[in-house]
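Biologist: I have not looked at this one before. Can you walk me through it, a piece at a time?

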Amino acid sequence: MKGAAVMDLWDEGIFLLVLFLANTIQAVTGFAGTLLAMTPSILLLGPDQAKVILNIMAFLSSLFIVSSSLIYVAWRQLLRIVLYMAAGMAIGVYLYQLLPLSFLLPFYGLFVLAVALKGLCTSNELRLSPAAARIILLGAGVMHGLFVSGGALLVIYAVAVFKDKHIFRATVASVWIVLNVPLMFHDYQQGFYDGQTLLLTGLSLIPLVLATYAGTRIHDKINQKIFMNLSYILLLLSGMLLLF
């Protein structure tokens, strides 16, 4: 029993370190924190507890980003993104109940990889036609409803539309504030908010605050080109994680 308790403490300590590193990236760009932390967190804590804590941390991290950069939120774009993604999420949840669609993930990952490599290997700015933009946003919602991983498609849209790093970060973070609320409510209804999870959530606030401070400082110092290249690199990593 004592050995198991020590192992649990060790796993939780590693989880807090993972949370710090992932949320530092989240604070720099406004996305990718949950994606980067999800796989190791599931291995350390289990899927239910990992999902609950990471959802809460993503919500709080995004809330801090938006509250400190409210003037940069593109409100009309935010409304457009949320409406399309919400519609797509409803479609994704419905499809998930009908068919086992896990075979879509490799194709999704390959598409994300192709866009990321194009962005990194060419100097041309990514452009989307109005029709392509609507499809990307709707697809982001569908993938979020199916696999809780629509962020990669959202970033493709954001890279094409937002040419200022402050607007990019603040608006994308705002999307997660809106979309994470129903996810947290669903987790609560499923009974995932037990005492151990709430205790670890409280401890997670420490690395979250430190990561948000560090990531914000980094964001303020890097230039636009580095910011966009970092976004493409994270998009590349997203595609790889979706493939494997």
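Modeller: Sure, with the reminder that this is a predicted model. A place to begin is the salt bridge between the side chains of Asp 187 and Lys 51, at 3.7 Å from N to O.

Biologist: Which helices do Asp 187 and Lys 51 sit in?

Modeller: Asp 187 belongs to helix α8, residues 165-189, and Lys 51 to helix α3, residues 47-68. The pair links distant parts of the chain, as the two are 136 residues apart.

Biologist: Is Asp 187 buried or exposed?

Modeller: Asp 187 has a relative accessible area of 0%, so it counts as buried. Lys 51 is at 25% relative accessibility and therefore counts as partly exposed, because the partly exposed class lies between 20% and 50%.

Biologist: How many salt bridges does a search of the whole structure find?

Modeller: One.

Biologist: Moving on to rings. How many aromatic pairs are there?

Modeller: The structure has three aromatic pairs. One of them joins Phe 31 and Phe 168, with 6.1 Å between centres and 50° between the planes, a tilted arrangement.

Biologist: Where are Phe 31 and Phe 168 in the chain?

Modeller: Phe 31 is in the loop between α1 (2-29) and α2 (33-45), while Phe 168 is in helix α8. They are 137 residues apart, so this pair too links distant parts of the chain.

Biologist: And how accessible is Phe 31?

Modeller: Phe 31 is buried at a relative accessible area of 4%, and Phe 168 is buried at 0%. Phe 168 also pairs with Phe 227, edge-to-face, at 5.3 Å centre to centre and 85° between the planes. Phe 227 lies in helix α10 (residues 224-243) and Phe 168 in helix α8, so the pair ties together parts that are 59 residues apart in sequence. Phe 227 is buried as well, at 0% relative accessibility.

Biologist: What do the ring pairs make of Phe 31, Phe 168 and Phe 227?

Modeller: A cluster, linked by those ring pairs.

Biologist: What else is Phe 168 in contact with, leaving aside neighbours within four places in sequence?

Modeller: Besides the two rings, its contacts include Thr 29, Val 155, Ala 158, Val 159, Phe 162 and Ser 231.

Biologist: Several of those numbers are in the 150s. How covered is helix α7?

Modeller: Helix α7, residues 151-161, is mostly covered, with 10 of its 11 residues buried. Among the buried ones are Leu 154, Val 155, Ala 158 and Val 159.

Biologist: How many residues are in the largest nonpolar core?

Modeller: That core has 64 residues. Those with the most contacts inside it are Phe 31, Ile 81, Leu 154, Phe 168, Val 175 and Leu 235.

Biologist: Now the outside. Which residues form a nonpolar patch on the surface?

Modeller: Leu 199, Leu 203, Ile 206 and Leu 210 form one, with about 410 Å² of accessible area together. Leu 203 is in helix α9, which covers residues 195-221. Its relative accessible area is 39%, so Leu 203 is partly exposed.

Biologist: And Ser 204, buried or exposed?

Modeller: Ser 204, also in helix α9, is buried, with a relative accessible area of 0%. Not counting residues up to four places away in sequence, Ser 204 touches Phe 15, Leu 16, Leu 19, Ile 53 and Met 57.

Biologist: Different spot: where is Leu 138?

Modeller: Leu 138 lies in helix α6, residues 130-147. It is partly exposed at 32% relative accessible area. Beyond its neighbours within four places in sequence, Leu 138 is in contact with Tyr 84, Ala 87, Gly 88 and Ile 91. Leu 138 and Gly 92 have their C-alpha atoms 9.8 Å apart, with their positions 46 residues apart in sequence.

Biologist: Last one. What does Ser 69 touch, not counting residues up to four places away?

Modeller: Arg 169 and Ala 170. Ser 69 is placed in the loop between α3 and α4 (75-98), and it is buried, with a relative accessible area of 6%. From Ser 69 to Thr 201 the C-alpha separation is 25 Å, and the two are 132 residues apart along the chain.

How values were computed: Residues numbered from 1 in each chain as written. Predicted model: local features only at pLDDT ≥ 70, side-chain atom pairs only at ≥ 80, totals over all residues. Heavy atoms only, no water. Patch = residues over 30% accessible without salt bridge, like charges linked within 9 Å, V, L, I, M, F, W, Y side chains within 5 Å. Areas by Shrake-Rupley, 256 points an atom, 1.4 Å probe, with all protein chains shown as cover. Salt bridge = Lys/Arg side-chain N within 4 Å of Asp/Glu carboxyl O. Helix = DSSP H or I, 4+ residues; strand = E, 2+ residues; numbered from the N terminus. Buried < 20%, exposed > 50% of the residue type's maximum accessible area, 1.4 Å probe, protein only. Core = buried A, V, L, I, M, F, W, Y, C linked by side-chain atoms within 4.5 Å. Contact = heavy atoms within 4.5 Å. Phe/Tyr/Trp six-rings, centres within 6.5 Å; stacked < 30°, edge-to-face > 60°.
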